[in-house]
Amino acid sequence: MSQNELKKLRESLKNQIQTNKIEISKIERTLRDLKRKNSKLEVKIAEVNGEIIKNNNGGKDMPVYFCDTKGMI
């Protein structure tokens with residue numbers, strides 16, 4: 001390969017790397033947004049589970065503990 005071809009190849013590879021970095025940033029941002037939404041939904045599930053437990057106990061407030069892996073205990 002000639003010197004010019006090698007330089008063009010190098011620039012092309014650098015551009016691909018930059019494009020990949022941009023795509024990774026977008027995907028990471030989307031992942032953070034989805035995690036945030038997931039956390040909000042888990043809080044809502046915990047609230048609903050608390051209401052279900054309260055209704056099952058004749059309207060009495062019962063201590064409810066949140067477990068990250070299994071929801072309400």
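A salt bridge here is a side-chain nitrogen of Lys or Arg within 4 Å of a carboxyl oxygen of Asp or Glu. In this predicted model, the side chains of Glu11 and Lys14 meet in just such a contact, at 4.0 Å from N to O. The spacing along the chain fits the picture: Glu11 and Lys14 sit 3 residues apart in helix α1, so about one helical turn separates them. Neither end of the pair is hidden away. Glu11 has 38% relative accessibility and counts as partly exposed, and Lys14, at 46%, is also classed as partly exposed.

The structure holds 2 salt bridges. Besides the Glu11 and Lys14 pair, there is one between the side chains of Asp33 and Arg36, with an N to O distance of 2.9 Å. Here too the partners both belong to helix α1 and are 3 residues apart, about one turn of the helix. Asp33 comes out at 33% relative accessibility, which means partly exposed, while Arg36 has a relative accessible area of 46% and is partly exposed as well. As for what lies behind such contacts, side chains of opposite charge can pair when their charged atoms come close.

Stepping back to the whole chain, there is 1 helix, along with 2 strands, and the order from the N terminus is α-β-β. Helix α1 takes in residues 3-56, a run of 54 residues. From its first C-alpha to its last, α1 reaches 78 Å, close to the 80 Å expected at 1.5 Å a residue. After α1 comes Gly58, with a positive phi near 65°.

Now for the surface. Buried residues account for 5% of the 73 residues in the chain. The chain exposes about 6800 Å², and 55% of that area is supplied by carbon and sulfur atoms. One nonpolar surface patch of about 400 Å² is built from Met1, Leu6, Leu9 and Leu13. Of these patch members, Leu6 is placed in helix α1. Residues need over 30% relative accessible area to be part of a patch; Leu6 has 40% and is partly exposed, so it clears that cut-off.

How much confidence does the predictor place in all this, going by the mean pLDDT of the chain? The mean is 86, and 82% of the residues reach 70 or more. The elements do not share that confidence evenly: α1 has the highest mean pLDDT among them, at 94, and strand β2 (residues 71-72) the lowest, at 51. Both salt-bridge pairs described above, Glu11 with Lys14 and Asp33 with Arg36, lie in α1, the element with that highest mean.

How values were computed:
Residues are numbered from 1 along each chain as its sequence is written. Side-chain values use heavy atoms; hydrogens and water are left out. Helices (H or I, at least four residues) and strands (E, at least two) are DSSP runs, numbered from the N terminus. The expected span of a helix is 1.5 Å times one less than its number of residues. Patches are made of residues with over 30% relative accessible area and no salt bridge: like charges are joined within 9 Å, nonpolar side chains (Val, Leu, Ile, Met, Phe, Trp, Tyr) within 5 Å. Accessible areas come from the Shrake-Rupley method with a 1.4 Å probe; for residues, only the protein chains shown count as cover. Buried means under 20% relative accessible area, exposed over 50%, partly exposed in between (1.4 Å probe, protein chains only). pLDDT is the predictor's confidence in each residue, from 0 to 100.
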